[in-house]
Structure formats: C-alpha cells, structure tokens
Amino acid sequence: MLRIALYLALAIPAGAQFVPGLAIPPSGNNQKATVTQYIGPVRVTIDYSSPAVHGPDGKDRRGQIWGKLVPYGLTDLGFGNGKPAPWRAGANENTVFTVSENVSIEGKPLPAGRYGLHMIAGPQEWTLIFSKDSNAWGSFYYDPAADALRVTVKPRKHEYREWLTYEFTTRRPAESVAELEWEELAVPWTIKVENINDLYISQLKENLTNVQGFGWHGWVAASQFCVTENTHLEQALEWAEIAVNKPFIGEANFTTLGNKAQVLEKLGRKEEARAAMQLAIHHPSATPLDLHQYGRRLLAEKKDKEALEIFLLNQERNGDQWPVHVGLARGYAANGDPKQALEHARKAAAQAPDALNRKNLEAMVKALEAGNPIAQ
C-alpha cells in the first residue's frame, strides 16, 4: 500500500480536486513543460508535467525514486480499470509524444501521430510504450490493446536532476536521441527518420506550387539540394530545366545554366554538362565574382588548368577589377608559376574592398614572397 500511496502522490495532492481547464496551479505543483526538436523536416514534441525529487511537503526523496516512488514493473494502482499499469513517465496528465511524420524508435517503426508515453521501469532495462490513447490522466486506465509500439532501452547514470526533464541529447540530420532525466538516472532512446530525402523532396514539390515557385530561384535551390545530397537527380534535372526554360518563370543566365551543368555532371552526362557550362560562363549575366567562384570550384576539384583558363577569361572580359587578380594569383600558383601569382596577389591586395580581404591577401603575398604554397 505504501508503494501505491507514493505513486498516487504524483497525481492528486490531499484536498485537491482536478478540474480540466481551470486556472489553478497544477496538481502537486508539477509544472507543465514542452520540448520540441526537429529532425530535418520532422517535428518531434514531448509534453509532460515535471515532478521534483523533493516532494510537495519538502521531503527529500533522493534514493527513493526508482523502484519505490516509481515502481519497477507493472503496478496495481488501486484505481482505474484495476489492471497492472506502467508509469506515466511524468506526472498528472499523460506525457504526450507527438511526431509529424513516420519515424523509427530504436529501429522499430512508429507512424506519425500523437501518443501517450508510458514506461515500465526496471533496474537493468526499461520498456517504453507509445499508446494511441494520449488523453488520459496518468496510467489508471492504461490498456495494452492501445499500444502502438513498445521498445526496450537501457537506463544510465546521470548528474543530479531535481526536476524531471526531457531533452534531445543528440541531434543529427536524420536522427536524434531523446532522454528522460530525473534524480540520478537517464533513459535515452533513438529516433530516426528513414528516407529523409524523400520527405524533403515531397515538401519541395509542394513548396514549388506556391510562391516559392514563381521565379527561377526556387527551382535552382531545389535542384541544388539534390546535387548536394546526391539524391533524386532526375527530379533535379527536371527542376533545372524549368529554371532555364519554363515560360514566365525560367531564365537562361549564369546561375540557371551553371546549375543545369552541375546536375548533368552528377548524372554522368559529361558532354552535355560541359556544353551547358560553356553557355553559362559566356553568358552576358556572368559577373566577375561568378567567374571567380567557378574557377575556385575547379581548383577545389583539382582541375587546375581549367581553373586558370576561367581566371584568364575573367581578366579578358572584366579587366583590372576585383576579384580578377585574386583568381589569377590562385590560378598561377596552382599551375606552378609563383612569379605571376605574386604579381597578381600584390594587385589584388591593393584592390581589396575591405579589411578582412586585405589581411588575407597580404598574407598570401607574404607566403608567395617566402616561396611557400598558398591555400586554395
């Protein structure tokens, strides 16, 4: 009976009456809290009420939480449907786990939705329960028939936490680790988004039917996502073509043509990619900075000779202006001509548009004067 009384103490303090929606302090002064984490485009939220290690009467319950206040295993709560029940993973109303898209929890699938989160505690392992019933008060009417998913996890030691807290302790592009932390214990579980790029593509398609698609910029950005992630490349090419050619939206310019060239290169269609890039670099819209950045990209790809050709084209078209000499300094240095590189580095330093660029170019000059290589 002591265990049951302690368990119920998290729910309804003596003399209090719970009335949903009434603007009074929460039962037991267990304050409500919410934590949200995005995993790429997927929103994950945990809503919970947060009990303290020190009870409402101020008593220190440290060392009395796990296996006592929160019993190990299923427990007959003496109220509700009379069935042994798990812990509500918090206080008061259900702890609620909400996810906007399908995910996997500890490698097992969980559909998008709103779930009551319950836990079966144990000294060595815990069972997490995601219940389709998310509107209950506590676990008094918990029914395993409503389980959407159960997974088993390992608890671990944690620095002292006075208030029960949920955190997302690992955050990666396609996964995160959620963790319950209270007293000196943590219970972590891994949430993964499978096929995350499919979700991005689906959302991009929807975006492009809206205002984001009323111009070529959105179509280029969408296709560049595919290039960067090396995914859905045929879709990327379709979007790239729209950015160049679609009536009222498309426009042939350095950016759209260069984007198309990148997609074709990714698809292995090298001759078509080369032709599209030639159109881009010779297009009147290509600025000195456009050509410079393309040359830098070629240097990064170890195409040093091709990069120098672009830097020379930039000089031919745009003459003595920023950043023509910067590119020539880098191009000549990469092609083994430090004398020419130093000459153009000095000119570039004199033309630098701001203090940061001037400082970097002066460092380049010093490196070349000393016969040292420069970072490309």
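Q: Why does Phe225 count as buried?
A: In this predicted model, where local features need pLDDT of at least 70, side-chain atom pairs count only at pLDDT 80 or more, and totals for chains, interfaces and linings use all residues, we can set one value against one cut-off. Buried means under 20% relative accessible area, exposed over 50%, and partly exposed in between (1.4 Å probe, protein chains only). Phe225 has 18% relative accessibility, so Phe225 counts as buried.

Q: And what makes Tyr200 partly exposed?
A: Its relative accessibility is 29%, so Tyr200 falls in the partly exposed class.

Q: Why is the pair of Tyr200 and Phe225 called tilted?
A: Rings of Phe, Tyr and Trp (its six-membered ring) pair if their centres lie within 6.5 Å; planes under 30 degrees apart are stacked, over 60 edge-to-face, and the rest tilted. Here the centres are 5.2 Å apart and the planes stand at 50°, so the pair is tilted. Tyr200 sits in helix H2 (residues 196–207) and Phe225 in helix H3 (residues 216–229), 25 residues apart. Helices (H or I, at least four residues) and strands (E, at least two) are DSSP runs, numbered from the N terminus. Residues are numbered from 1 along each chain as its sequence is written, and side-chain values use heavy atoms, with hydrogens and water left out.

Q: What makes the pair of Trp66 and Trp87 edge-to-face?
A: By the ring rule the count comes to 11 aromatic pairs. For Trp66 and Trp87 the centres are 5.8 Å apart and the planes at 80°, so this pair is edge-to-face. Both Trp66 and Trp87 are buried.
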